[in-house]
Amino acid sequence: MKQIIVKEGESGQRLDKYLGKYLQEAPKSFLYKMMRKKNITLNGKKAQGNEILKAEDEIRLFLAPETIEKFQGEEKKGVYRKLDIPYEDDQVLFVNKPAGMLSQKASREDISLVEYIAGYLQNKEGAEKDMSGGFRPGVCNRLDRNTSGLVAAGKTVRGLQALSECFKNRSMHKYYLALVKGRVKKPAHICGFLKKDEKKNKVEIWDREVPGSLYIETRYKPLEISGKGDTLLEVELITGRSHQIRSHLASIGHPLIGDRKYGEHKYNSRFEREYAVKNQLLHAWKLVFPKEEGVLEGLSERIVTAELPEIFQKVLRGEGFSERVYSENKGDAES
């Protein structure tokens, strides 16, 4: 028999979700069968699986040790890598993700930011004990592999749920920095419809609703135009759809520099040759939070920013943008 005491950081989630993480290789049907037969109990009673766990709840697994070991699979303790963390408290943390890193696994073999966050937390004093149960840190927003910038993560169930709700109800403002082709002289608020081709992993932008499309809104303003005809934009992402910024700006004739999917190959080739640019110059730069209480009180009316990657700064310098454009965009958390 295996006894598990639910920790404070694991409370707030459903029992079946907890069990699915603790026995990650077990089919859901097996878990529900074990609950029906009282081989898995909650506080000494038969469980349904939809119970919301509280701190100090007792879960008992009346299973053979080899069965538990089999269904736990490989221990996922995360992989250590130094992370750029602009803000962290007891509930949440924000990572400045480098371009080239997955936000979440795309396949079983991948190592993503989630695994690196788990490794970071477990390397902190006492964290391994706190994370030994069913909860693992999770991210609340995803960036394309080749987009850099802020990814928000929950360190506890409550932190993950509350932060995810902020993204869902759009109570915070999300800003990106984007270097685009052409001279953009005026700010604009553009709308449209986005339709994704799952097979090609590419989207199309329409000016009207079509079957399978989703409504999108993007607001931007030019920060500076270089002498070579490029524009640095501050982009506010109002709706958060797949490839939205990249495709929306390309649809109005201002593709992102370095974007191999929606950009212009001939134009990008100069930046690859002169600066070794390998990915789109798009950076999730800033999150502005409203007044918050409870779990997210530490983020109340706070601005969290992520410093531009060196390659982005190198291009801005080389293209002749004024130093203030990138020197003011430091990665920190401001009250």
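When I speak of contact here, I mean heavy atoms within 4.5 Å, and please keep in mind that what we have in front of us is a predicted model.

With that in hand, let me start at helix H2, residues 28-36, where Phe-30, Leu-31, Met-34 and Met-35 are buried. These four lie on the same side of H2, because the arc they cover around the axis is only 135 degrees. That buried set packs against helix H1 (15-22), strand S2 (40-42), strand S3 (45-46) and helix H3 (65-72), while the face turned away from it carries Lys-28, Ser-29 and Arg-36, which are exposed. Just after H2, Lys-38 adopts a positive phi of about 60 degrees.

Turning to the sheet, we find 4 strands in an open arrangement, ordered S1-S4-S2-S3 and paired antiparallel. Strand S1 (2-5) and S3 are at the edges with a single partner strand each, so one side of each has no neighbour in the sheet. S1 pairs with strand S4, residues 58-61, over 4 bridges in the antiparallel sense, and in that pairing Ile-4 stands opposite Ile-59.

Now to the cores: the largest nonpolar core has 28 residues, of which Ile-117, Tyr-176, Val-235 and Leu-249 touch the most other members. Helix H4 (113-122) is among the elements that give it two or more residues, and H4 supplies the largest share, 6 residues. Leaving aside residues up to four places away in sequence, Val-235 touches a list of residues including Tyr-176, Ala-178, Ile-245 and Leu-249. There is also a second, separate core of 21 residues, and Ile-4, Val-6, Leu-15 and Phe-71 are among its members.

How values were computed
Residues numbered from 1 in each chain as written. Predicted model: local features only at pLDDT ≥ 70, side-chain atom pairs only at ≥ 80, totals over all residues. Heavy atoms only, no water. Buried < 20%, exposed > 50% of the residue type's maximum accessible area, 1.4 Å probe, protein only. Arc of directions from axis to C-beta. Pairing = 2+ DSSP bridges. Core = buried A, V, L, I, M, F, W, Y, C linked by side-chain atoms within 4.5 Å.
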